[in-house]
Amino acid sequence: KFAGLADYWVPDEGSLQETRDYLKSLPMDEDPRIFGLHPNALITAQYNQAKKFLDTVVSVQPRISSGGGGKKPETIVAEMAQDFIQTIPDAAKSKNAHPETYK
């Protein structure tokens with residue numbers, strides 16, 4: 001067991017399918033203690049993620065200005081989405097993958 005947590009243990013050597021089954025049995029939300037962190041680290045991470053999300057929402061809100069030359073929120077969001085799409089790597093193609101990859 002890792003960090004005294006019952007969900008995390010080293011499986012016995014086995015087949016590929018047994019390894020996949022073990023990986024599927026792991027919790028979807030990892031416990032911070034598995035990485036040597038205090039349990040409150042998860043709270044801090046979630047807080048920071050929510051703050052970043054809200055900061056992004058606020059950043060695209062319309063601004064009060066007298067010049068009238070600013071971009072519309074829709075334009076800002078479209079530009080941000082385009083930048084985001086350009087940073088994402090291409091999806092893996094199943095035809096180029098090993099036969100065991102998508103089982």
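Colour the predicted model by pLDDT and compare its elements. Helix 1 has the highest mean pLDDT among the elements, 89, and helix 3 (residues 73–87) has the lowest, 80. Across the whole protein the mean pLDDT is 79, with 88% of the residues at 70 or more.

Next, switch to a cartoon view. Three helices and zero strands make up the secondary structure, and read from the N terminus the order is α-α-α. Keep the whole chain selected for the overall values. Of the 103 residues, 7% count as buried. The accessible surface comes to about 9,200 Å², and carbon and sulfur atoms hold 59% of that area. Among contacts with a separation of 6 or more, 30% are between residues 24 or more positions apart.

Now select Trp-9 and Tyr-22 and show their side chains. How many aromatic pairs does the count come to? The count comes to one. The ring centres of Trp-9 and Tyr-22 lie 4.6 Å apart and the planes stand at 65°, so the pair is edge-to-face; the cut-off for that class is an angle over 60 degrees. Along the chain, Trp-9 and Tyr-22 are 13 residues apart, and the pair links distant parts of the chain: Trp-9 sits in the segment before helix 1 (16–25), while Tyr-22 belongs to helix 1.

Stay on these two residues and colour by accessibility. Is Tyr-22 buried or exposed? Tyr-22 has a relative accessibility of 12% and therefore counts as buried, since the limit for buried is under 20%. Trp-9, at a relative accessible area of 36%, is partly exposed.

Move on to helix 2 (residues 40–59) and select Lys-51 and Asp-55. A search of the whole structure finds one salt bridge, and Asp-55 forms a salt bridge with Lys-51. The closest N and O atoms of Asp-55 and Lys-51 are 3.1 Å apart, which falls under the cut-off of 4 Å. The two residues are four positions apart in helix 2, so about one helical turn separates Asp-55 from Lys-51. Both side chains can be checked for exposure: Asp-55 is partly exposed at 41% relative accessibility, and Lys-51 is partly exposed at 40%.

For the last stop, show the surface and select Phe-53, Leu-54 and Val-57. What do Phe-53, Leu-54 and Val-57 form on the surface? They form a nonpolar patch, and together the three residues have about 290 Å² of accessible area. One of them, Leu-54, is found in helix 2, the helix that also holds Asp-55 and Lys-51.

Key. Residues are numbered from 1 along each chain as its sequence is written. Side-chain values use heavy atoms; hydrogens and water are left out. Patches are made of residues with over 30% relative accessible area and no salt bridge: like charges are joined within 9 Å, nonpolar side chains (Val, Leu, Ile, Met, Phe, Trp, Tyr) within 5 Å. Accessible areas come from the Shrake-Rupley method with a 1.4 Å probe; for residues, only the protein chains shown count as cover. A salt bridge is a side-chain nitrogen of Lys or Arg within 4 Å of a carboxyl oxygen of Asp or Glu. Rings of Phe, Tyr and Trp (its six-membered ring) pair if their centres lie within 6.5 Å; planes under 30 degrees apart count as stacked, over 60 as edge-to-face and the rest as tilted. Buried means under 20% relative accessible area, exposed over 50%, partly exposed in between (1.4 Å probe, protein chains only). pLDDT is the predictor's confidence in each residue, from 0 to 100. Contact means heavy atoms within 4.5 Å.
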